[in-house]
Amino acid sequence: MERKYWVPALERADLILNAISLKPGECKMTDLCDATGINKSSMFSLLRTMEVLKWVRRDEKEAYALGEGVAYLNTVFNESHKQNYNLVEHFLKASSESVKAVGETFQLSVLDRSEIIYLAKQEGPSLVKLESSPGMRFPAHATAMGKMMLALLPPDELDKRYPDKILSQVTPQTLTDWNEFTGELAEIRSSGYSVDQEEIIQGICCVAAPILDASGNAAAAVSASMLRHAYADKQEAVTEAVILLAKKLSLS
């Protein structure tokens, strides 16, 4: 990361949290100054702020331990990791049958603001391998999975993610007109699946369907990706396979 974007106060807070985590309930302010090299004036301000945020707590002996705010974030992280891990496990198991049925590559992703993050991929027998490894990000508006999840957001939430209503052009087929895009999202909501025809990668088409949580919200999405000529030959069978897989993985 470029140093011009560095925030020293956050770096110091990180040093303090690490020092406390090594000796929870043992370090007083002077001990933390010695451990981190932070002067007393700055340490005082940082600790008071971190107490208000519940990142740290101070006992009757003026010693510091990690606070419930950090514990909460850790719990949320672990639960999210566990849910994604279980979903990936279920996807890999269930999608193997989907690959056998249609002979194409299946993928799993979640929505993060205006991007999708790939969680897993089940390769089909095609010699053409897609660049969609776990952890990779792509603009949601240009992908079938992204459009599927965006279509199920409340209108005000969609506006928050695209405040300027600007859609970048990835390929010549990518929709960049906001009215056309929202019109397509309405069609996707009605049909229950979405299609990307060479909008993210030239020559590749995708079909996606939503994975719903217990409340009926889109927690993730699955898709099948294939060469354009393959999509023309087996569009109906692939769409059915994707919808079936999404239903198997949904909780509602």
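# Reading contacts, burial and pairing

Trainee: Leaving aside its neighbours within four places in sequence, which residues is leucine 87 in contact with?

Mentor: Contact means that heavy atoms lie within 4.5 Å. By that rule, and with neighbours within four places in sequence set aside, leucine 87 is in contact with Leu108, Ile211, Ala220 and Leu249. Before we go on, please keep in mind that this is a predicted model, in which local features need pLDDT of at least 70 and side-chain atom pairs count only at pLDDT 80 or more, while totals for chains, interfaces and linings use all residues. Residues are numbered from 1 along each chain as its sequence is written, and side-chain values use heavy atoms, with hydrogens and water left out.

Trainee: Where is leucine 87 found, and is it buried or exposed?

Mentor: Helices (H or I, at least four residues) and strands (E, at least two) are DSSP runs, numbered from the N terminus. Leucine 87 belongs to helix α4, residues 68-102. For burial, the cut-offs are under 20% relative accessible area for buried, over 50% for exposed, and partly exposed in between, with a 1.4 Å probe and protein chains only. At 13%, leucine 87 is buried. Its C-alpha atom is separated by 9.0 Å from that of leucine 108, a residue 21 places along the chain.

Trainee: What else does α4 offer for practice?

Mentor: Try serine 98, which is also found in helix α4. Serine 98 is buried, with a relative accessible area of 8%. Beyond four places in sequence, serine 98 is in contact with Gly103, Phe106, Ala241 and Leu245.

Trainee: Which residues of helix α8 are buried?

Mentor: They are Ala230, Tyr231, Val238, Thr239, Ala241, Val242, Leu245, Ala246 and Leu249. You have met some of these already: Ala241 and Leu245 are among the contacts of serine 98, and Leu249 is one of those of leucine 87. When you look at such a list, recall that an α-helix has 3.6 residues a turn, so residues three or four places apart point the same way.

Trainee: How many Å does α8 span between its end C-alpha atoms?

Mentor: The expected span of a helix is 1.5 Å times one less than its number of residues. For the 22 residues of α8 (228-249), a straight helix would span 32 Å, yet α8 spans only 27 Å. Now look for a bend, taken at a residue as the angle between axes fitted to the seven residues ending there and the seven starting there. In α8 the bend is about 85 degrees, at lysine 234.

Trainee: Let's turn to strands. Which strands does β4 pair with?

Mentor: Two strands pair if DSSP finds at least two bridges between them. Strand β3 (residues 105-112) runs antiparallel to β4, with seven bridges joining them. Valine 110, for example, has isoleucine 117 of β4 as its bridge partner. In this hairpin two residues lie between the strands, and arginine 113 takes a positive phi near 55 degrees. Strand β5 (residues 137-139) is likewise antiparallel to β4, with three bridges; there, phenylalanine 138 stands opposite isoleucine 116.

Trainee: Why is β4 called largely enclosed by the rest of the structure?

Mentor: Seven of the eight residues of β4 (115-122) are buried, so the description fits.

Trainee: And how should I read the aromatic pairs?

Mentor: A pair of aromatic rings is described by the distance of the centres and the angle of the planes. Rings of Phe, Tyr and Trp (its six-membered ring) pair if their centres lie within 6.5 Å; planes under 30 degrees apart count as stacked, over 60 as edge-to-face and the rest as tilted. The structure holds four such pairs. In one of them, tyrosine 162 and tryptophan 178 are tilted, at 5.6 Å centre to centre and 50 degrees between the planes. Tyrosine 162 sits in the loop between α6 (155-161) and α7 (178-191), and tryptophan 178 in α7, so the pair ties together parts 16 residues apart in sequence. Both tyrosine 162 and tryptophan 178 are buried. Tyrosine 162 and phenylalanine 181 have ring centres 6.4 Å apart and planes at 65 degrees, so that pair is edge-to-face. Tyr162, Trp178 and Phe181 form one aromatic cluster.

Trainee: Which residues does lysine 147 touch, not counting those up to four places away in sequence?

Mentor: Phe181 is among them, as are Ala140, His141, Glu184, Leu185, Ile188, Val195, Asp196 and Glu199. Lysine 147 lies in helix α5 (residues 144-151) and is buried, with a relative accessible area of 0%.
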